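Let's take a walk through this fold together, one piece at a time. Have the sequence and the 3D view side by side, and follow along as we go.

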Amino acid sequence: MPECTNIDLENARSRRKIPRWKLATMLGVSESTIARWENGEVQPEPADVDRFAAAVGDVMLWHRWMLSNYES
C-alpha cells in the first residue's frame, strides 16, 4: 500500500472542494492548523485524521494514514 502523507490530506479536501476555512470550522480548529497538517509542518493526531476523513467523506483516509504513520 502506498504511503499516505500530508499531500493525501490536501488532496482529499480539494477533491471535495472544501475550503480550508470551512473544514477548520467543521473540525473546530483554526485554518492555519489545517494548512500546517496539509503542508506537513505538523502531524495531526489520529483522532484529528479520523474527523478530517469523516468531514471530507473519505472513509479509508484514516486507515491509510494509520498504516503509513503509526504502524511499524
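Which residues of helix 5 are buried? Keep in mind that we're looking at a predicted model. In helix 5, the buried ones are L61, W65 and M66. Looking down the axis of helix 5, you'll find its buried residues within an arc of 130 degrees, so they line one face of the helix. And what do they pack against? The buried residues of helix 5 have helix 1 and helix 4 as their packing partners.

Let's stay with L61 for a moment. Leaving out residues up to four places away in sequence, L61 touches C4, D8, L9, A12, V49, F52 and A53. L61 also turns up when we look at the largest nonpolar core, which has 16 residues. Inside that core, the residues with the most contacts are L23, L27, F52 and L61. Helix 1, helix 2, helix 3, helix 4 and helix 5 are the elements that give two or more residues to this core. Helix 4 gives the most, with five residues. As a bit of background, nonpolar side chains in soluble globular proteins tend to be buried together.

Now for how helix 4 and helix 5 sit against each other. Two packed helices are described by the angle between their axes and the distance between the axes. For helix 4 and helix 5, the axes come within 8 Å and cross at roughly 150 degrees. An angle over 145 degrees counts as roughly antiparallel, so that is the label for helix 4 and helix 5. Their crossing is right-handed. On the helix 4 side, the contact is made by P46, V49, D50, F52 and A53, while helix 5 brings L61, W62, W65 and M66.

Next, swing round to helix 1, which covers residues 6-15. Its buried residues are N6, L9, A12 and R13. They cover an arc of only 120 degrees around the axis, which puts them on the same side of helix 1. What covers these buried residues includes helix 2 (20-27), helix 3 (31-38), helix 4 (46-56) and helix 5 (61-69).

One of those partners, helix 3, deserves its own look. The axes of helix 1 and helix 3 come within 7 Å and cross at roughly 125 degrees. Helix 1 and helix 3 are therefore oblique to each other. Helix 1 makes this contact through N6, I7, L9, E10 and R13, and helix 3 through I34, W37 and E38.

Follow the chain out of helix 1 and you come to K17, in the loop between helix 1 and helix 2. Most residues other than glycine have a negative phi. K17 isn't a glycine, yet its phi is positive, at about 55 degrees. Is K17 buried or exposed? With 73% relative accessibility, K17 counts as exposed, because the cut-off for that is over 50%.

That loop takes us to helix 2, whose buried residues are L23, A24 and L27. They cover an arc of only 105 degrees around the axis, which puts them on the same side of helix 2. Those buried residues pack against helix 1, helix 3 and helix 4. Turned away from the buried side is a face that carries the exposed residues W21 and T25. Just after helix 2 comes G28, with a positive phi of about 75 degrees.

Before leaving helix 2, have a look at M26, which lies in it. At 45% relative accessibility, M26 counts as partly exposed. Setting aside residues up to four places away in sequence, M26 touches I18 and A55. M26 and R51 are 25 residues apart along the chain, and 9.1 Å separates their C-alpha atoms.

R51 makes a good last stop. You'll find R51 in helix 4, where it is partly exposed, with a relative accessible area of 34%. Not counting its neighbours within four places in sequence, R51 is in contact with L27 and V29. Measuring tools in your viewer can also pick out another pair: R51 and R15 are 17 Å apart in space, C-alpha to C-alpha, and 36 residues apart in sequence.

Note on methods:
Residues numbered from 1 in each chain as written. Predicted model: local features only at pLDDT ≥ 70, side-chain atom pairs only at ≥ 80, totals over all residues. Heavy atoms only, no water. Buried < 20%, exposed > 50% of the residue type's maximum accessible area, 1.4 Å probe, protein only. Helix = DSSP H or I, 4+ residues; strand = E, 2+ residues; numbered from the N terminus. Arc of directions from axis to C-beta. Contact = heavy atoms within 4.5 Å. Core = buried A, V, L, I, M, F, W, Y, C linked by side-chain atoms within 4.5 Å. Axes fitted to C-alpha atoms, helices over the stretch in contact; angles between N-to-C directions. Parallel < 35°, antiparallel > 145°, perpendicular 65-115°, else oblique. Left-handed = near helix turned anticlockwise from the far one by under 90°.
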